[in-house]
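Subject: Structure for you to look at

Hello,

Here is the structure I promised. Please open it beside this email, and read my notes with it on screen.

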Amino acid sequence: MAGKAIRIGGASGYWGESAMATPQLLASGPLDYLVYDYLAEITMSILARQKAKDPSAGYATDFITTVLKPNLAMIANTGVKLISNAGGLNPNACAEAARALIAAAGLDLKVAVVTGDDIVDRAAAIADAGATEMFTGAAFPDPDKIASINVYLGAFPIARALQMGADIVITGRCVDSAVTLGACIHEFGWGDDEYDLLASGSLAGHIIECGPQATGGNFTDWRLAGDIANIGYPIATVNSDGSFSITKPEGSSGVVSIGTISEQMVYEIGDPQSYELPDVICDFSDVEIVQRNKNCVGVSPARGRAPTQTYKTCATFADGFRTGATVSFYGFEAAARGRAFADAAFARARQMLRFLNAGDFTETDVEVIGAEDQFGAFAQETDNAPPREAVVKIAAKHPSPLEGGILLREIAGLGLASAPGLSGFQAGRSKPTPVMRLFSFLTEKDAISIAIDCDGALEDFTPQATQNAGDTETASAPLRPPAPSPPDTTQAMISIPLVNLAWARSGDKGDKANIGVIARRAEYLPYIWRSLSEKVVAARFAHFIANGGEEKVRRFLLPGAHAINFLIDDVLGGGGVASLRNDPQGKGYGQLLLHQPIEIPAAIYQEPERTL
């Protein structure tokens with residue numbers, strides 16, 4: 001298939017994504033595929049609760065209501081194929097809803113479903129086998145508390161579904177990039193042992209899997225995105241050799257630049273040389289990103305190695321309840337009054353818990369937004385200039401929703417006893433919600449049975465990669481790139497905040513956070529590397545890191561993109577819906593790090609253009 005290229009639009013990055021993506025991309029010109037990523041660890045826990053209440057629920061209904069229903073005729077007319085993991089915990093129900101819409105519209109579109117990822121019925125057997133958490137070594141939770149267990153499937157079943165004639169492919173849990181890689185495998189005929197190509201297609205999927213995060217969303221230089229109400233969604237033109245370019249629809253706002261694409265490449269990855277997926281282990285360290293034209297960026301192929309013999313598997317399980325509320329204060333000593341209010345709320349709630357002979361809260365958290373609590377020891381609030389407005393977030397966990405709700409009642413009951421300036425908008429009193437924790441472990445690939453149903457044509461599917469998987473721990477360890485040469489510090493040096501020298505993007509995986517830092521100019525990288533040690537980064541996030549410091553931070557170099565990726569363990573308070581933090585997914589951690597001062601020669605520094 002040499003010389004062939006396909007165009008793929010990234011139309012969804014999460015469940016709840018804007019409905020504007022599909023019609024915008026359909027109107028942008030010929031596309032071969034539209035891909036939709038709906039699932040995250042948090043999403044799986046929400047879908048599990050929905051399915052427990054209603055056996056017909058448990059999938060991303062947006063795919064039916066905001067994608068297919070209003071756009072089905074245009075989808076059929078253009079011939080574009082759709083691939084989505086909207087199936088969540090109930091892919092067959094999602095597919096039946098899609099087929100009903102197609103039949104009602106009198107259209108001839110085939111829907112295929114990929115199943116096999118859901119192994120919740122094996123919870124007891126997994127516990128008996130002694131499965132342990134892949135990051136902490138913890139024992140498997142009580143099977144009676146398990147809400148979901150899903151393996152992360154790969155792209156080859158999707159490619160097979162397309163080969164069977166599917167126009168719409170719906171999966172359960174698969175890795176986010178698989179919806180794009182599956183299209184590439186089908187169109188280009190890539191083999192399961194062509195690891196560089198598989199890694200490159202996976203990178204293309206990784207870039208567009210979060211929709212407009214590749215086109216100016218969450219970008220460090222956010223003003224360059226312009227009118228985000230009309231932001232363009234990404235389009236990847238993937239070539240048969242694995243190289244690709246990223247653009248966006250003409251007339252849309254947003255920006256496609258080296259900065260936006262680099263930020264997305266380092267988003268939510270750990271070791272950039274060992275980004276493990278079911279079909280391949282990717283190495284992004286030497287990938288080069290170049291500006292070809294305005295809002296058109298080219299990305300060179302990645303490298304790949306044989307995958308492991310296991311699937312990453314994630315279980316969610318119930319672990320008590322969390323509760324809390326936010327209130328605001330304004331005027332003199334706003335932050336101090338807010339903290340005093342939180343102290344009083346907990347004192348009253350604990351007094352009532354003792355009266356009821358109930359146990360204490362298992363965890364509490366208070367954050368004053370506006371007083372720079374997120375910055376820890378690097379907060380710049382002073383007694384001479386305290387904030388005059390502050391939002392106080394008060395939260396706690398308790399095994400019982402009834403006892404946990406006492407905190408909410410006491411927060412409300414303090415209204416007439418508090419310091420002055422208490423205010424806030426509340427649409428009714430909140431309620432305790434279940435804490436769903438994530439438990440990640442490994443499952444042997446040959447223990448998983450994958451099936452494809454293409455409008456009644458049934459097929460069992462065994463990825464050839466399962467048979468060809470290698471022992472990556474012993475045979476395929478990556479060769480680390482050398483650290484940047486020690487920079488010249490004999491020149492006149494100036495101290496510059498990192499934001500003027502680099503872009504940054506951060507995200508989460510469970511209780512880990514990553515922060516990718518990309519030098520705006522290649523000559524800045526040695527100075528950034530010199531200044532941003534593991535020790536420095538650990539100090540910046542010491543108030544968030546649990547039970548540790550520098551040893552919880554790992555630093556990786558991506559010389560191709562002039563970038564560094566930091567992975568921080570145990571930093572999100574449990575992460576996702578298990579955390580009490582204001583930012584339980586570390587999405588703003590890059591912004592905290594961008595305040596770090598960097599020593600750089602005055603002679604090489606250029607003021608960046610960060611506005612239109």
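A residue counts as buried when its relative accessible area is under 20%. Keep in mind that this is a predicted model.

**Helix α2 and the largest cavity**

By that cut-off, the buried residues of α2 are E41, T43, M44, S45, L47 and A48. They pack against four strands: β5, β14, β18 (433–444) and β22 (502–509). The helix itself has 13 residues. From first C-alpha to last it reaches 19 Å, close to the 18 Å expected at 1.5 Å a residue.

α2 also takes part in a cavity. The count of cavities of 30 Å³ or more comes to four. The largest has a volume of about 60 Å³. Which residues line the largest cavity? They are E41, M44, S148, N150, Y152, R173, C314, T316 and L438. At least two lining residues come from each of α2 (41–53), β5 (146–151) and β14. By class, the lining has four nonpolar, three polar and two charged residues. Note that E41 and M44 appear twice here: both are buried residues of α2, and both line the largest cavity.

**The second largest pocket**

The second largest pocket has a volume of about 950 Å³. Elements giving two or more residues to its lining are α2, β18, β22 and α16 (589–593). The lining holds 48 residues. Nearest the centre of this pocket lie Y14, Q213, Y267, E268 and K587. The lining divides into 18 nonpolar, 18 polar and twelve charged residues.

**Helix α10 and its surroundings**

Next, look at α10, residues 334–355. Its 22 residues should span 32 Å at 1.5 Å a residue, and the end C-alpha atoms are 32 Å apart, so the two agree.

Its buried residues are A334, A335, R337, G338, F341, A342, A345, F346, A349 and L353. An α-helix has 3.6 residues a turn, so residues three or four places apart point the same way. Keep that in mind when you look along the list. The buried residues of α10 pack against β14 (310–330), β15 (363–369), β16 (389–398), α11 (401–413) and β17 (422–423). Just after the helix, N357 takes a positive phi of about 60 degrees.

One residue to check on the α11 side is E410, which sits in that helix. Is E410 buried or exposed? E410 counts as buried, because its relative accessibility is 15%. Leaving out residues up to four places away in sequence, E410 touches A345, R348 and A349. Of these, A345 and A349 are among the buried residues of α10.

**Strand β12 and its partners**

Strand β12 covers residues 296–299. Both of its faces are covered. C296 and G298 are buried on one side, and V297 and V299 are buried on the other.

β12 pairs with β8 (residues 244–247) in the antiparallel sense, over three bridges. There, S245 stands opposite G298. β12 also pairs with β11 (residues 289–293), again antiparallel, over four bridges. In this pairing, V290 has G298 as its bridge partner. β11 and β12 make a hairpin with two residues between them. N295, in the turn, has a positive phi of about 60 degrees.

**A three-stranded sheet**

There is an open sheet of three strands in the order β9-β10-β13, with antiparallel pairing. β9 (275–276) and β13 (303–305) stand at the edges with a single partner strand each, so one side of each has no neighbour in the sheet. β10 (residues 281–283) and β13 are joined by three bridges. C282 has G304 in β13 as its bridge partner.

**N582**

Last, a loop residue. Where is N582 found? N582 is in the loop between β25 (563–568) and α16. N582 counts as partly exposed, because its relative accessibility is 42%. Leaving aside neighbours within four places in sequence, N582 is in contact with E367, I369, Q374 and K393. For a distance to R303, N582 is 279 residues away in sequence and 37 Å away in space, C-alpha to C-alpha.

Best wishes

Notes. Residues numbered from 1 in each chain as written. Predicted model: local features only at pLDDT ≥ 70, side-chain atom pairs only at ≥ 80, totals over all residues. Heavy atoms only, no water. Expected span 1.5 Å × (residues − 1). Buried < 20%, exposed > 50% of the residue type's maximum accessible area, 1.4 Å probe, protein only. Contact = heavy atoms within 4.5 Å. 1 Å grid on protein atoms, 1.4 Å probe; cavity = no way out; pocket = protein on both sides within 12 Å on 5 of 7 lines; lining within 4 Å. Points joined across faces, edges and corners; volume = space filled by probe spheres on them. Nonpolar A, V, L, I, M, F, W, Y, C, P; charged D, E, K, R; others polar. Pairing = 2+ DSSP bridges.
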